[in-house]
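The exercises below concern one protein model. Work through each task with the structure open, then compare with the solution.

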Amino acid sequence: MRGTIALVQRMSADVARRIALGAQGFTDPRPSAATRRHLQRVLSRVQLLQIDSVNVAVRAHYMPLFSRLGAYAPSLLDEAAWTHSARKPRMLVETWAHEASLVPVADWPLFHSGAKKRGWWQNYRTILERSPQLVDDVLAAVKELGPIGAGALEKALMGDSGRAKGPWWDWSEVKRVCEVLFGVGVLTTGTRRSFERLYDLTERVIPADVLERRYTPEEGARELVQRSAVALGVATEPDLRDYYRLDPRHSRAAVASLVEEGVLEPVAVDGWRAAGYRHRDASTPRRVTGRALLCPFDPLIWERARTERIWGFRYRIEIYVPEPKRVHGYYVFPFLLDGDLVGRVDIKADRAAGVLRVQSAWAEEGVDRPRVAAELAAELRLMAGWLDLEDVLVVQKGDLAAELIAAVVRG
């Protein structure tokens with residue numbers, strides 16, 4: 001009932017951790033053979049899949065599904081995201097959500113409601129005002145030739161002369177115009193080819209009934225906060241805001257409104273400094289079992305302060321750290337076992353050699369190291385097979401490396 005005072009419930013840190021894991025799908029059993037229905041189940045949990053260009057082990061959008069479903073066919077996601085047919089309509093579309101992400105097609109209008117923070121591509125908006133003819137040329141070319149990549153588009157606009165058709169733009173500006181038009185929703189990704197984004201008119205990708213929906217910033221924030229609450233289970237307001245990178249003003253107002261309506265229940269979690277909010281439908285698993293390797297962009301751990309608060313696990317991506325200063329490695333995957341983050345491994349898919357290379361392996365303090373090594377070895381072998389690699393090779397680096405090597409050898 002609106003206008004009632006929401007009572008704050010106390011919650012242990014262990015309960016909060018189990019709620020968070022259940023919300024993210026880590027209490028669902030892995031299927032023997034994943035189908036489109038299993039993909040939909042994961043999406044109903046996590047709400048979106050972040051896209052990233054790093055391909056050291058596997059593209060970021062594929063890995064959260066492996067973490068939850070096991071060795072599924074990547075074509076399952078490719079078909080859902082980048083193909084369309086009457087029998088299998090497109091399930092996902094690309095837009096700026098947490099970062100560049102795949103989101104359910106029906107959610108697309110929410111990301112263009114004004115609820116989100118200013119995007120980085122907004123810095124290029126002056127190009128639209130400075131070069132209106134270039135914008136018209138880009139849209140006309142995409143309409144005629146799309147789906148099309150930025151490089152092919154640049155060549156098409158340059159014509160046979162090999163020079164730009166006008167004095168107002170250069171090659172880099174074509175890509176920038178495409179990104180601004182993508183950001184504002186005029187263009188989207190029609191498909192991808194070897195991970196290259198092929199732009200198309202949004203009206204040819206998003207169904208008309210979805211494209212016509214309009215939300216105010218307040219309505220968009222309310223809907224998106226609800227989705228982040230479903231995905232997180234229990235969270236602080238900054239957690240809820242970060243999931244979709246919402247404007248703080250709209251996020252705070254949305255949380256207050258949802259508390260008033262009883263959708264979010266205020267909780268005080270032991271050890272949390274900030275107020276917590278539990279989605280009213282979030283379940284509390286009695287226990288969490290199973291294992292999973294988590295890529296750096298998995299929604300369970302992408303908010304580093306939340307990861308440290310819930311698991312006591314300090315995690316940073318060290319890609320941009322000079323190699324001598326790296327602590328754990330270049331592209332490190334945390335290892336989840338029975339609800340705890342118990343270790344981490346720096347993984348590289350060495351496709352030329354046909355091996356999944358573990359460049360370092362580390363255990364968290366106080367864990368059952370022989371069991372962690374055995375379970376981690378099994379998950380690495382599963383991942384290697386999924387990536388069509390023949391073996392797992394562990395480099396002697398890190399405080400878990402020796403035990404992991406022995407576990408891999410034992411098979």
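**Exercise 1. A salt bridge**

Which residue forms a salt bridge with Asp 14, and how far apart are the closest N and O atoms?

Solution. The model is a predicted one. Step one is to find the partner: Asp 14 pairs with Arg 17, and their closest N and O atoms are 3.3 Å apart. The cut-off for a salt bridge is 4 Å between a side-chain nitrogen of Lys or Arg and a carboxyl oxygen of Asp or Glu. Step two is to place the pair: both Asp 14 and Arg 17 belong to helix H1 (residues 13–23), where they are 3 residues apart, about one turn of the helix. Step three is the total, which is 34 salt bridges in the structure.

**Exercise 2. Helices H10 and H12**

Describe how helix H10 packs against helix H12.

Solution. Start with the geometry. H10 spans residues 217–232 and H12 spans residues 248–261; they pack at an angle of about 65°, and their axes are 9 Å apart. Angles of 65 to 115 degrees count as roughly perpendicular, so H10 is roughly perpendicular to H12. The crossing of H10 with H12 is right-handed. Next, list the contacts. H10 contributes Pro 217, Glu 218, Ala 221, Arg 222, Val 225 and Gln 226, while H12 contributes His 250, Ser 251, Ala 254, Val 255, Ser 257, Leu 258 and Glu 261. Sorted by class, the residues of this contact are 6 nonpolar, 4 polar and 3 charged.

**Exercise 3. Helices H14 and H15**

Carry out the same analysis for helices H14 and H15.

Solution. H14 (residues 369–386) packs on H15 (residues 401–410) at an angle of about 55°, with 8 Å between their axes. That angle makes H14 oblique to H15. Their crossing is right-handed. On the H14 side, the contact residues are Arg 369, Pro 370, Ala 373, Ala 374, Leu 376, Ala 377, Leu 380 and Arg 381; on the H15 side, they are Glu 403, Leu 404, Ala 407 and Val 408. The class count for this contact is 9 nonpolar, no polar and 3 charged residues.

**Exercise 4. Backbone features in loops**

Where is Pro 147 found, and what is the phi of Gln 47?

Solution. Pro 147 sits in the loop between helix H6 (132–145) and helix H7 (150–158). The peptide bond leading from Gly 146 to Pro 147 is cis, with omega near 0°. Gln 47, although not a glycine, has a positive phi of about 75°. Gln 47 lies in the loop between helix H2 (36–46) and strand E2 (49–50).

**Exercise 5. Domains**

Give the domain bounds of the protein chain.

Solution. The domain assignment lists domain 1 (9–114 + 215–279), domain 2 (120–211) and domain 3 (316–410). Between the C-alpha centres of domain 2 and domain 3 the distance is 41 Å.

Key
Residues are numbered from 1 along each chain as its sequence is written. This is a predicted model: local features need pLDDT of at least 70, side-chain atom pairs count only at pLDDT 80 or more; totals for chains, interfaces and linings use all residues. Side-chain values use heavy atoms; hydrogens and water are left out. Axes are lines fitted to C-alpha atoms, for helices over the stretch in contact, and angles run from 0 to 180 degrees between N-to-C directions. Helices (H or I, at least four residues) and strands (E, at least two) are DSSP runs, numbered from the N terminus. Angles under 35 degrees count as roughly parallel, over 145 as roughly antiparallel, 65 to 115 as roughly perpendicular and the rest as oblique. A crossing is left-handed if the near helix is turned anticlockwise from the far one by less than a right angle, and right-handed if clockwise. Contact means heavy atoms within 4.5 Å. Ala, Val, Leu, Ile, Met, Phe, Trp, Tyr, Cys and Pro count as nonpolar, Asp, Glu, Lys and Arg as charged, and the others, Gly among them, as polar. Domain bounds come from an automatic or database domain assignment.
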